[in-house]
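Welcome, and thank you for taking a look at this one. Please load the model in your viewer and keep the sequence at hand as you read.

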Amino acid sequence: MKTGNLNNQKWTETYRASIISVCAMLLLLVAAVICHLFGWRDAPFQFLAACLGAGVTVIITNLLLVEQTKQQQKLQEQQAENQQLLQENEKKQDLKQAKETEQYKEKLHIYQDFLQSLYDVFKDREVNLEEKISLQFKTAMLAIHTKSNHIQEISNSVGEIVSCLCTPKKDYDVKKLQESLFNIVEQFRAELYEGQEDDGNALKTTLDNFVKAYSAFGSESDVNDLQEMGNNPIETQDEKLALWNSARSRWEKKDETGRQQWTMYYDGETIRLHRPEEKEIHVQFGFWRGHYYIQATYKNIGSFSQQLKWKFQGSKTYATWWSHLHEHEFYDMKEGEFWSKFIQSESMQKTLVEWFDRLIDIIDKQDVAVKMNLKLHDLIEKNACVKDRKWNIWYYWWDTLVCEDKKNEQMGVPFIDTFNEDGKTYIRFGNRKNNREVQKQILQKIGLDENDIREDNRTDYAVVETNNGDDVVAQKLTELMEKLSKI
């Protein structure tokens with residue numbers, strides 16, 4: 001009973017307003033009848049009309065409330081969505097900022113570590129196998145966070161550092177080393193502080209100040225400072241050095257155009273024969289690591305020294321090859337004994353002349369391939385088909401320019417050898433599978449006769465007279481590369 005009374009009480013409280021409203025309506029209706037506002041017969045009609053009016057009002061009010069509720073709900077949903085998007089964007093920005101911060105820290109660490117590694121590897125001016133492998137891995141780590149154009153600049157500077165420090169000479173080119181280090185740092189700064197450019201003039205002044213300061217510590221024995229044919233025993237011993245002097249006159253002789261091919265400099269017991277316009281193309285003799293050595297370098301071409309190592313053994317560092325002279329007259333000499341024995345020994349002069357001639361001949365061969373490559377590079381830049389194909393171009397045994405389409409495995413990886421022989425330049429192509437049937441397919445696709453295949457399964461595309469110049473060769477070579485790029 002108590003529970004029933006409690007429920008009735010709750011129901012009454014819930015609908016109190018409605019009950020009061022109904023009672024008020026009935027009282028008003030009775031009052032209207034008593035006051036003769038309408039009769040008892042009209043009362044039902046008036047009551048119905050009032051109810052209908054109230055019902056219409058309720059319907060209209062309900063429709064308005066429903067529409068308002070929809071609009072309000074839609075607005076709330078839109079606000080919630082915008083809030084969610086804002087939170088997601090803020091989260092993305094936070095993640096991006098955190099990622100960039102971590103990348104910056106990692107870059108800074110890698111770059112500092114790379115510079116420290118360069119110092120650790122080259123401070124003793126020798127590179128052993130373990131150091132070489134370590135530096136290769138450091139370079140790979142460097143490439144993770146560094147753009148390709150900056151990597152290329154860094155690689156060029158590392159090559160300059162190698163050629164500057166890893167030589168038998170005791171001294172080194174202070175300016176060359178400082179320029180190379182500054183260039184590496186400049187690439188690092190471009191990665192770390194994008195959009196912030198340095199004052200070039202201020203940087204050059206700073207570089208010159210450092211070079212001047214560091215040059216004060218000891219003498220710089222770069223070839224720029226070598227003394228040309230000064231007070232050397234060689235000047236006063238013309239008769240005993242006839243063989244050597246004859247070779248020197250031949251090397252320094254000007255050609256028919258009046259251009260001097262080679263220039264010789266002496267620095268104590270170091271003899272260097274180099275190109276007048278490029279000192280990093282040279283043959284050199286001197287003393288290092290307890291013995292006399294012979295050396296050759298061709299600027300920025302690593303294959304030059306690698307192939308010299310294959311042919312003569314010895315050692316290489318980037319574009320420089322060197323080897324101790326194992327002929328007993330040279331190998332057994334102590335430092336400082338060279339000139340006194342060299343003047344008296346025709347066999348020593350002959351040996352050294354033969355080495356110089358041998359290496360000069362190889363440099364001349366490399367010249368031919370390099371000149372062709374320079375001409376070819378200019379034409380490739382203008383030929384979209386060949387440029388997009390991204391041919392692999394390299395040198396084989398100095399005088400052969402090799403162009404290889406590694407991506408075209410379906411055609412056996414076509415390649416082209418361009419080389420001089422018997423006063424002519426040959427443009428000869430084949431496929432790495434050395435497959436005769438594949439070669440026939442290639443010839444069909446580029447419109448050549450199948451019967452032009454040689455016994456070695458290669459084909460001569462063009463044979464150009466050497467005196468026609470490198471331009472004709474480069475044009476023919478680019479023409480063939482374009483045809484092969486389309487198959």
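A cavity, as the word is used here, is a set of grid points where a 1.4 Å probe fits but cannot get out, and a residue lines a cavity if one of its atoms is within 4 Å of a point. The model you see is predicted, so please read everything below as computed from that model.

**The chain as a whole**

Let us begin with the overall picture. The chain holds 15 helices and eleven strands. It has 487 residues, of which 36% count as buried. Its exposed surface comes to about 30000 Å², with 52% supplied by carbon and sulfur atoms. If you take the contacts between residues at least 6 apart in sequence, 56% of them join residues at least 24 apart.

**Cavities and the largest pocket**

How many cavities of 30 Å³ or more are there? The count is two. The second largest has a volume of about 60 Å³. Its lining is made up of G159, E160, S163, K176, E280, T297, K299, N300, Y318, A319 and T320. Helix α5 gives the largest share of that lining, with three residues.

The largest pocket holds about 810 Å³ of space. Its lining counts 29 residues, and V127, K132, V162, T317 and Y318 are the closest to the pocket's centre. Five elements give two or more residues each to this lining: α3 (42-122), α4 (129-144), α5 (148-165), α9 and β5 (315-317). Y318 is thus a residue to look at twice, since it lines the largest pocket and also the second largest cavity.

**Salt bridges**

The structure holds 20 salt bridges. Three of them are set out here.

| Acidic residue | Basic residue | N to O distance |
|---|---|---|
| E280 | K176 | 3.3 Å |
| E278 | K299 | 3.7 Å |
| D456 | R454 | 3.2 Å |

The pair of E280 and K176 links distant parts of the chain: E280 sits in strand β3 (residues 278-288) and K176 in helix α6 (residues 174-192), 104 residues apart. Both E280 and K176 are buried. They also belong to a wider arrangement, a network of salt bridges that links E160, K176 and E280. These three residues are among those that line the second largest cavity.

The bridge of E278 and K299 also joins distant parts of the chain, with E278 in strand β3 and K299 in the loop between β4 (291-298) and α9 (302-312), 21 residues apart. Are these partners buried or partly exposed? E278 counts as partly exposed because its relative accessibility is 22%, and the limit for buried is under 20%. K299 is partly exposed too, at 33%. K299 is one of the residues lining the second largest cavity.

For the third pair, the relative accessibility of D456 is 29%, so D456 counts as partly exposed. R454 has a relative accessible area of 32% and is therefore partly exposed.

**A closer look at D417**

Where does D417 sit? Its place is in strand β9 (residues 414-421). D417 counts as buried because its relative accessible area is 11%. The side chain of D417 makes a polar contact of 3.2 Å with the side chain of R458. Beyond its neighbours within four places in sequence, D417 is in contact with T400, L401, V402, Y426, I427, R428 and R458.

Notes: Residues numbered from 1 in each chain as written. Predicted model: local features only at pLDDT ≥ 70, side-chain atom pairs only at ≥ 80, totals over all residues. Heavy atoms only, no water. Helix = DSSP H or I, 4+ residues; strand = E, 2+ residues; numbered from the N terminus. Buried < 20%, exposed > 50% of the residue type's maximum accessible area, 1.4 Å probe, protein only. Polar contact = N/O pair within 3.5 Å; in protein donor to acceptor, adjacent residues only side chain to side chain. Contact = heavy atoms within 4.5 Å. Salt bridge = Lys/Arg side-chain N within 4 Å of Asp/Glu carboxyl O. Areas by Shrake-Rupley, 256 points an atom, 1.4 Å probe, with all protein chains shown as cover. 1 Å grid on protein atoms, 1.4 Å probe; cavity = no way out; pocket = protein on both sides within 12 Å on 5 of 7 lines; lining within 4 Å. Points joined across faces, edges and corners; volume = space filled by probe spheres on them.
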